[in-house]
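Trainee: I would like to learn how to read empty space and buried charge in a structure. Could you take me through an example?

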Amino acid sequence: MKRKKASAVWKAAAVVAAGLFLTGCGSSSTQDGKTVIELVQYKPEAVKAFEAIEARFNETHDDILLKIESPNDAMTILKTRFIKEDAPDIIGIGGDVNYSNFLDSEMLMDISDFDGLASIKQAYLDIDKNLEFVPTEGTYAVPYVANAAGILYNRDMFEENGWEIPETWTEFLELCETIQASGQLPLYFGFKDTWTCLAPWNAICVDLAPADICAQVNRGEATFTEAYREAAEKIYELLQYAQNDPYGYSYNDACTAFARGESAMYVIGSYAVPQILSVNPEMNVDSFVFPASDDPDENQLNSGVDLQFSVMADCENKEAAYEVLRFLLEDESIQAYLDDQNAVPCKEGDFELPSMLDGMKSFIEEGRMADYQDHYYPSEMSVDAIIQTYLMDGDIEAFLTRFDTDWVRYNRDIIRKVQKYQEENGGN
């Protein structure tokens with residue numbers, strides 16, 4: 001199926017007027033006789049890693065000058081530049097709804113002919129395909145690194161008490177009961193920061209809800225009321241094993257409390273480990289996959305593409321851009337990034353993973369993973385706040401009904417696009 005011409009309306013930037021066509025880099029750039037490739041990436045916390053990559057690339061290439069920018073609030077800056085038709089050659093963004101919107105607006109180049117794709121784990125390529133609003137021929141991003149979310153645990157505390165890592169939901173609840181009976185706190189939450197409500201939500205949903213549930217809802221084949229009920233019940237059940245008033249404590253509070261041994265476990269992603277270790281550098285932290293199902297084979301690692309690279313559709317220096325991508329995919333470049341950011345490689349290979357991912361290693365190696373559900377949620381819907389409200393009032397019917405109602409409200413354009421695609425393609 002050939003890719004259909006998408007609407008030129010870019011929903012991702014509310015300030016963009018309907019009918020504005022967004023273009024990529026429209027003219028070639030040279031400096032001192034070298035082809036200049038500009039890469040803008042959205043992770044300012046990784047600026048040092050990218051400065052090292054930029055320096056090493058420019059030291060080893062005589063014909064290409066790589067310029068990498070890592071601004072704060074990169075997504076806003078990128079959207080502004082796109083409106084001004086001043087896009088970089090390559091963008092580094094996450095595998096989330098922003099990528100979906102860029103792809104839908106035909107801003108990204110089909111890089112199916114890029115040889116480096118052959119080394120990327122199929123699970124992460126599949127995650128990107130699932131982010132397409134409608135089926136789209138081609139490949140438009142190189143997944144680079146992923147993160148992993150589940151349950152961080154205090155390894156020393158577990159060893160001292162003889163606690164075993166649970167593999168099912170029942171075993172997990174039994175573990176929480178055992179920890180609580182010993183006078184210790186099983187879990188700590190920082191729900192004052194609403195985004196942290198998404199950590200347990202995502203980790204539970206990957207086991208209990210279809211990976212493509214959002215696409216199913218857009219096609220009119222399912223409802224969140226049905227698909228999310230069990231996940232909603234189980235996330236609420238966690239509250240009995242956490243501190244009193246988890247809404248009074250922030251993400252930093254929760255990281256600090258866990259680092260100080262105030263809880264045995266913390267339901268959060270691997271991204272929290274540097275914050276935890278900044279409080280207690282000697283802490284022995286490990287992790288395990290959230291066992292939301294009573295069937296161990298149904299449990300999956302919650303892992304999404306944290307950083308991927310896309311070439312802009314109008315980039316005139318495609319081969320130079322590809323050379324940059326090849327350099328980024330060199331094992332040395334990837335390992336340096338993993339060491340700096342505690343990330344998971346999207347590339348096949350024998351990489352050294354951070355020790356706090358030991359308990360998730362088999363899932364990573366086997367590709368038993370599913371994307372974060374919130375990567376499909378529009379930011380305007382504020383799902384984190386919806387979850388927080390539900391956890392505070394416990395009204396599951398109101399929560400599920402609101403999820404379905406707000407989904408239609410904030411996804412009308414996408415739903416119409418999906419329905420039109422179905423009409424034109426016989427419902428496929």
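Mentor: We will look at a pocket, then a cavity, then a single charged residue, keeping in mind that this model is predicted.

Trainee: How is empty space found, and how much space lies in the largest pocket?

Mentor: Rolling a probe the size of a water molecule over the atoms shows where empty space is left. In this model, about 1100 Å³ of space lies in the largest pocket, and its lining is made up of 36 residues, with Tyr42, Asp96, Asp306, Asp374 and His375 lying nearest the centre.

Trainee: Which helix gives the largest share of that lining, and how do the residues of the lining divide?

Mentor: Helix H7 (198-208) gives the largest share, with 3 residues, while the elements that each supply at least two residues also include helix H3 (97-104) and strand E8 (301-311). By type, the lining of this pocket divides into 17 nonpolar, 11 polar and 8 charged residues.

Trainee: What lines the largest cavity?

Mentor: The count comes to 1 cavity of 30 Å³ or more, and about 40 Å³ of space lies in the largest cavity. Among the residues lining this cavity are Cys205, Val206, Asp371 and Tyr376, and its lining divides into 7 nonpolar, 1 polar and 1 charged.

Trainee: Turning to the charged residue, where does Asp89 lie, and is Asp89 buried or exposed?

Mentor: Asp89 lies in the loop between helix H2 (74-83) and strand E4 (90-93), and Asp89 is buried yet has no salt bridge, since the nearest side chain of opposite charge, Arg81, is 7.5 Å away, against a cut-off of 4 Å for a salt bridge. A polar atom of the Asp89 side chain does, however, lie 2.9 Å from the backbone nitrogen of Glu38.

Definitions and conventions: Residues are numbered from 1 along each chain as its sequence is written. This is a predicted model: local features need pLDDT of at least 70, side-chain atom pairs count only at pLDDT 80 or more; totals for chains, interfaces and linings use all residues. Side-chain values use heavy atoms; hydrogens and water are left out. Helices (H or I, at least four residues) and strands (E, at least two) are DSSP runs, numbered from the N terminus. Buried means under 20% relative accessible area, exposed over 50%, partly exposed in between (1.4 Å probe, protein chains only). Lys and Arg count as positive and Asp and Glu as negative; His and the chain ends are not counted. A polar contact is a pair of N or O atoms within 3.5 Å; within protein, one must be able to donate a hydrogen and the other to accept it, and residues adjacent in sequence count only if both atoms are side-chain atoms. On a 1 Å grid over the protein atoms alone, a cavity is a set of points where a 1.4 Å probe fits but cannot get out, and a pocket is an open set with protein on both sides within 12 Å along at least five of seven lines; lining residues have an atom within 4 Å of a point. Grid points are joined across faces, edges and corners, and a volume is the space filled by probe spheres set on the points. Ala, Val, Leu, Ile, Met, Phe, Trp, Tyr, Cys and Pro count as nonpolar, Asp, Glu, Lys and Arg as charged, and the others, Gly among them, as polar.
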